Amino acid sequence: GPQPVGSVTLNVQQGMPTELQMLDIGVQVFATEADPEEITLPGAAIFAEIRNTETHYLPVALRHTLLTSNHWGVVRVLPATDPSLDLIITGTILESTGADLLVQVRAVDSTGRVWLDKPYADIARTADYPDSIPSLRDGGITDGPDPFQDLHAAIANDLLAVRNGLGTAELARIQEVTQLRYAADLSPEAFASYLEADATGQLTLTRLPANNDPLLGHVADIQARHNVFIDTIDEYYE
């Protein structure tokens, strides 16, 4: 399997990133691969419930890390992909024992460019876990770092390295494609012609609508309400 990430220091931005760097990110609820043997073991139902909880918990921990890094726009945890976001992260938990974590992580921007598609492994020691079990009364699991914080930091640093390798024109293109992809999702007949897929399947812009396009104004109003809705979903996962 892949080498454990080891000790990783999160790259944190001092000050504000530029408008173009502030891409909006969606972290989808992770998938999980259960070992067929595990399903027949005693207590299998409990382990299934733990695995299901992890599919929500790990994206929330990754979201916290991305926000802490101060390199991005909004970061939301979502049940499915969403055309209003610039970058979508998906993950599959391949192994999780409490001591070992192995996750396949994929990140794709709105143009279809793949940023990451690789496994991340981390090992947690007993010292990484709190001495006492946190209770919901005390604010639950948000106190103290996650036992697998190094893994989340490694993913965040890798995403940052990809973003820093893109020029301003490419970053602007991602945000323009996101806006038009969301508009085309709402009204294909009005906006689909602005986008086309090239030979590799990546979305490119054929042209941009006028800034004063009244339909784009309507799309912006709808998107503002949509953002409130997905913020609510994000809070639910939190």
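These legends accompany close-up views of a predicted model.

**Figure 1. Overview of the protein chain, with six helices and eight strands.**
From the N terminus on, the elements run β-β-α-α-β-β-β-β-α-α-α-β-β-α. The radius of gyration is 20 Å, close to the 18 Å that the globule rule gives for 238 residues, so the protein chain is as compact as a globular protein of that length. The C-alpha trace spans about 60 × 40 × 40 Å along its principal axes. Of the 238 residues, 39% are buried. Contacts between residues at least 6 apart in sequence were also sorted by separation: 69% of them join residues at least 24 apart.

**Figure 2. Strand E1 and its two pairing partners, E3 and E4.**
Strand E1 covers residues 25–28. Both of its faces are covered. Ile25 and Val27 lie on one side, Gly26 and Gln28 on the other, and all four are buried. Strand E3, residues 75–78, pairs with E1 in the parallel sense over four bridges. Within E3, Leu78 stands opposite Gln28. Strand E4, residues 87–96, also pairs with E1 in the parallel sense, over three bridges. Here Val27 has Ile89 of E4 as its bridge partner.

**Figure 3. Leu62 in helix H2.**
Helix H2 runs over residues 44–69 and holds Leu62. The relative accessible area of Leu62 is 1%, under the 20% cut-off, so this residue counts as buried. Beyond its neighbours within four places in sequence, Leu62 is in contact with Val27, Phe30, Ile89, His152 and Ile155. Two of these, Val27 and Ile89, are the bridge partners that link E1 and E4. Val77 is 15 residues away from Leu62 along the chain, and their C-alpha atoms are separated by 9.3 Å.

**Figure 4. Pro59, also found in helix H2.**
Pro59 has 0% relative accessibility and therefore counts as buried. Its contacts, leaving aside neighbours within four places in sequence, are Val27, Gln28, Val29, Phe30, Glu54 and Val77. Val27 and Gln28 sit on opposite sides of E1. Val27 is also among the contacts of Leu62, as is Phe30. Another pair places Pro59 within the wider chain: the C-alpha atoms of Pro59 and Leu215 are separated by 34 Å, with their positions 156 residues apart along the chain.

**Figure 5. The one cavity of 30 Å³ or more in the whole structure.**
A probe the size of a water molecule, rolled over the atoms, shows where empty space is left. The largest cavity holds about 30 Å³ of space. Its lining consists of Phe30, Leu58, Leu62, Leu101, Val103, Leu151, His152 and Ile155. Elements giving two or more residues to this lining are H2, strand E5 (100–109) and helix H3 (149–164). H3 supplies the largest share, three residues. By class, the lining has seven nonpolar residues, one polar residue and no charged residues.

**Figure 6. Leu62 at the cavity lining.**
Which residues in contact with Leu62, beyond its neighbours within four places in sequence, also line the largest cavity? They are Phe30, His152 and Ile155. Leu62 is itself a lining residue. This leucine is buried, at 1% relative accessible area.

Technical notes. Residues are numbered from 1 along each chain as its sequence is written. This is a predicted model: local features need pLDDT of at least 70, side-chain atom pairs count only at pLDDT 80 or more; totals for chains, interfaces and linings use all residues. Side-chain values use heavy atoms; hydrogens and water are left out. Buried means under 20% relative accessible area, exposed over 50%, partly exposed in between (1.4 Å probe, protein chains only). Contact means heavy atoms within 4.5 Å. Two strands pair if DSSP finds at least two bridges between them. On a 1 Å grid over the protein atoms alone, a cavity is a set of points where a 1.4 Å probe fits but cannot get out, and a pocket is an open set with protein on both sides within 12 Å along at least five of seven lines; lining residues have an atom within 4 Å of a point. Grid points are joined across faces, edges and corners, and a volume is the space filled by probe spheres set on the points. Ala, Val, Leu, Ile, Met, Phe, Trp, Tyr, Cys and Pro count as nonpolar, Asp, Glu, Lys and Arg as charged, and the others, Gly among them, as polar. The radius of gyration is taken over C-alpha atoms; the globule rule is 2.2 Å times the number of residues to the power 0.38.
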